[in-house]
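Me: I would like to go through this model with you and ask how each label is earned. Could you set each value against its cut-off as we go?

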Amino acid sequence: TSVESVATLLGKSPALLVLQQGEEHGIRQYEEAHKDEVLGESVKNLIRNTLLPAQREHLAALERCKTSAA
């Protein structure tokens with residue numbers, strides 16, 4: 001994508017920042033969706049038990065990459 005292309009041109013740190021912002025946005029989206037009373041319990045369980053933990057792990061991995069790149 002164009003975001004990845006720009007990040008590649010700018011170097012590793014900006015690319016990690018863009019990815020981190022995407023993961024943070026995803027977490028906020030899942031947290032908001034989880035509060036939605038229209039969603040069934042099975043969807044909320046999926047968000048709570050699978051999607052949010054995976055998203056948070058991705059964010060933690062990016063943080064580790066940023067730390068090792070510095």
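Me: What makes the link between the side chains of glutamate 23 and glutamine 55 a polar contact?

Reply: A polar contact is a pair of N or O atoms within 3.5 Å; within protein, one must be able to donate a hydrogen and the other to accept it, and residues adjacent in sequence count only if both atoms are side-chain atoms. The side chains of glutamate 23 and glutamine 55 are joined at 3.0 Å, so the label applies. This is a predicted model, in which local features need pLDDT of at least 70 and side-chain atom pairs count only at pLDDT 80 or more, while totals for chains, interfaces and linings use all residues. Residues are numbered from 1 along each chain as its sequence is written, and side-chain values use heavy atoms, with hydrogens and water left out.

Me: Which residues does glutamate 23 touch, leaving aside neighbours within four places in sequence?

Reply: Glutamate 23, which lies in helix H2, is in contact (heavy atoms within 4.5 Å) with Gln55, His58, Leu59 and Leu62. Helices here are DSSP runs of H or I with at least four residues, strands are runs of E with at least two, and both are numbered from the N terminus.

Me: Why is glutamate 23 said to have no salt bridge?

Reply: A salt bridge is a side-chain nitrogen of Lys or Arg within 4 Å of a carboxyl oxygen of Asp or Glu. For charge, Lys and Arg count as positive and Asp and Glu as negative, while His and the chain ends are not counted. The nearest side chain of opposite charge to glutamate 23 is arginine 56, 10 Å away, so the 4 Å limit is not met. Glutamate 23 is also buried, a word that means under 20% relative accessible area, with exposed being over 50% and partly exposed in between (1.4 Å probe, protein chains only).

Me: How do you know that arginine 56 does form a salt bridge with glutamate 31?

Reply: Their side chains meet at 2.8 Å, N to O, and the limit is 4 Å, so the pair qualifies. Arginine 56 sits in helix H3 (residues 41-69) and glutamate 31 in helix H2 (residues 12-35), so this pair, 25 residues apart, links distant parts of the chain. Arginine 56 has a relative accessible area of 42% and is therefore partly exposed. Glutamate 31, at 30%, counts as partly exposed too.

Me: How many salt bridges does the structure hold?

Reply: There are four. Among them, arginine 48 and glutamate 41 meet at 3.3 Å, N to O. Glutamate 57 pairs with arginine 64, with the closest N and O atoms 2.9 Å apart.

Me: Why are glutamate 57 and arginine 64 called partly exposed?

Reply: Glutamate 57 has a relative accessible area of 41%, so it falls between the two limits. Arginine 64, at 49%, falls between them as well, so it takes the label partly exposed.

Me: What makes lysine 44 a residue without a salt bridge?

Reply: Lysine 44, in helix H3, is buried, and the nearest side chain of opposite charge, glutamate 41, is 5.2 Å away. That distance is outside the 4 Å limit, so no salt bridge is assigned. A polar atom of the side chain of lysine 44 does lie 3.2 Å from the backbone oxygen of aspartate 36. Not counting residues up to four places away in sequence, lysine 44 touches His34, Lys35, Asp36, Glu37 and Leu39.

Me: Why is histidine 34 called partly exposed rather than buried?

Reply: At 23% relative accessibility, histidine 34 is not under 20%, so it counts as partly exposed. Histidine 34 has its place in helix H2. Leaving aside neighbours within four places in sequence, histidine 34 is in contact with Lys44, Ile47 and Arg48. The C-alpha atoms of histidine 34 and arginine 48 are separated by 7.4 Å, with their positions 14 residues apart along the chain.

Me: How many helices and strands does the chain come to?

Reply: The protein chain has three helices and zero strands, giving the pattern α-α-α along the sequence. Buried residues make up 17% of its 70 residues.
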